[in-house]
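Subject: Structure handover

Hello,

Please find the structure below, together with its sequence. My notes on what turned up in it follow.

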Amino acid sequence: FKILERGESQADIAMFVGGCVRNFLSGKEVDDIDIACVLTPQRIKEKFEGSKFKIIDTGLDHGTITILGKKKYEITTLRKDVKTDGRHAIVAYTDNWQEDSNRRDFTFNAIYLKKNGKVFDPQSGVSDLKNKIVKFIGDPSKRIEEDYLRIIRYIRFSLQYETPIDAATIKIIKLNLDGIKKISKERIILELNKILILKNFIKILQAKDLIEIFVLIFPELKYLDR
């Protein structure tokens, strides 16, 4: 954070976001560390050149730089969607934290944590995390149509947090299932692996709505109860 903030006048240059914040607030172990930042990827690279950290251009096209030290840090420039097709998004960089939060998938994935431990919660995600509610930001149809992988992510988080299922959201998901065909197999398999390693994955058998969607997406696993 000191490296990112050096020579900058804006108050909040960078904040933690995503899974690391969810885990921290839930008292769970923090593994992958994602940081959102107002600086452009090129500026972030320049800041870390000559430092003790190793710089990796993992997702430069998407505004992400990976920094390796004792841990791995993914630093992503704040973004806003310009155009989406359900698979890829054309984004523009922004320095507006609210705009960045608006383009994220679920409310509890748009909780930002400052280096001093203060929470910035523009989508009321802390309350949803506490109550184990998986809620799309804004209009669920729009969020899903921006990236159909979010359907599978909804299944994963609903299982992980054993959340009460919202009938209206399930209905919208079913109407958009064809969109899964637009997503690359690589992205789908990564998300499936995250589902399969959940400690409570077996509970999907008791979640009627989730298993119905799950086997429609993965018909090879229709005999899961065996």
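K54 in strand 3 has L68 of strand 4 as its bridge partner. This model is predicted, so please read everything here as computed from it.

The two strands run antiparallel and are joined by 4 bridges. Between them the hairpin has 4 residues, and G63 takes a positive phi near 90 degrees there.

Strand 4 covers residues 64–68, and 4 of its 5 residues are buried, which leaves the strand mostly covered. On from there, strand 4 is joined to strand 5 (residues 72–77) by 5 bridges, and that pair is antiparallel too. I67 stands opposite Y73 in strand 5. A hairpin is formed by strand 4 and strand 5, with 3 residues between them.

As general background, side chains in a regular strand alternate between the two faces of the sheet.

These strands belong to an open sheet of 7 strands with mixed pairing, in the order 3-4-5-2-1-8-9. Its edges are strand 3 (54–59) and strand 9 (119–120), each of which pairs on one side only. Elsewhere in the order, strand 1 (residues 14–17) and strand 2 (residues 33–37) run antiparallel with 4 bridges between them. There, F16 has I35 in strand 2 as its bridge partner.

Now the chain as a whole. In total, the protein chain has 10 helices and 9 strands. The radius of gyration is 18 Å, close to the 17 Å that the globule rule gives for 226 residues, so the chain is as compact as a globular protein of that length. The C-alpha trace spans about 55 × 35 × 30 Å along its principal axes.

Of the 226 residues, 44% are buried. Among contacts with a separation of 6 or more, 56% come from residues 24 or more positions apart.

On the surface side, the protein chain exposes about 12600 Å², with 51% of that supplied by carbon and sulfur atoms. There are 41 positive and 33 negative charges, and their mean positions lie 3 Å apart.

Regards

Notes
Residues are numbered from 1 along each chain as its sequence is written. This is a predicted model: local features need pLDDT of at least 70, side-chain atom pairs count only at pLDDT 80 or more; totals for chains, interfaces and linings use all residues. Side-chain values use heavy atoms; hydrogens and water are left out. The radius of gyration is taken over C-alpha atoms; the globule rule is 2.2 Å times the number of residues to the power 0.38. Buried means under 20% relative accessible area, exposed over 50%, partly exposed in between (1.4 Å probe, protein chains only). Contact means heavy atoms within 4.5 Å. Accessible areas come from the Shrake-Rupley method with a 1.4 Å probe; for residues, only the protein chains shown count as cover. Lys and Arg count as positive and Asp and Glu as negative; His and the chain ends are not counted. The place of a charge is taken as NZ of Lys, CZ of Arg, CG of Asp or CD of Glu. Two strands pair if DSSP finds at least two bridges between them.
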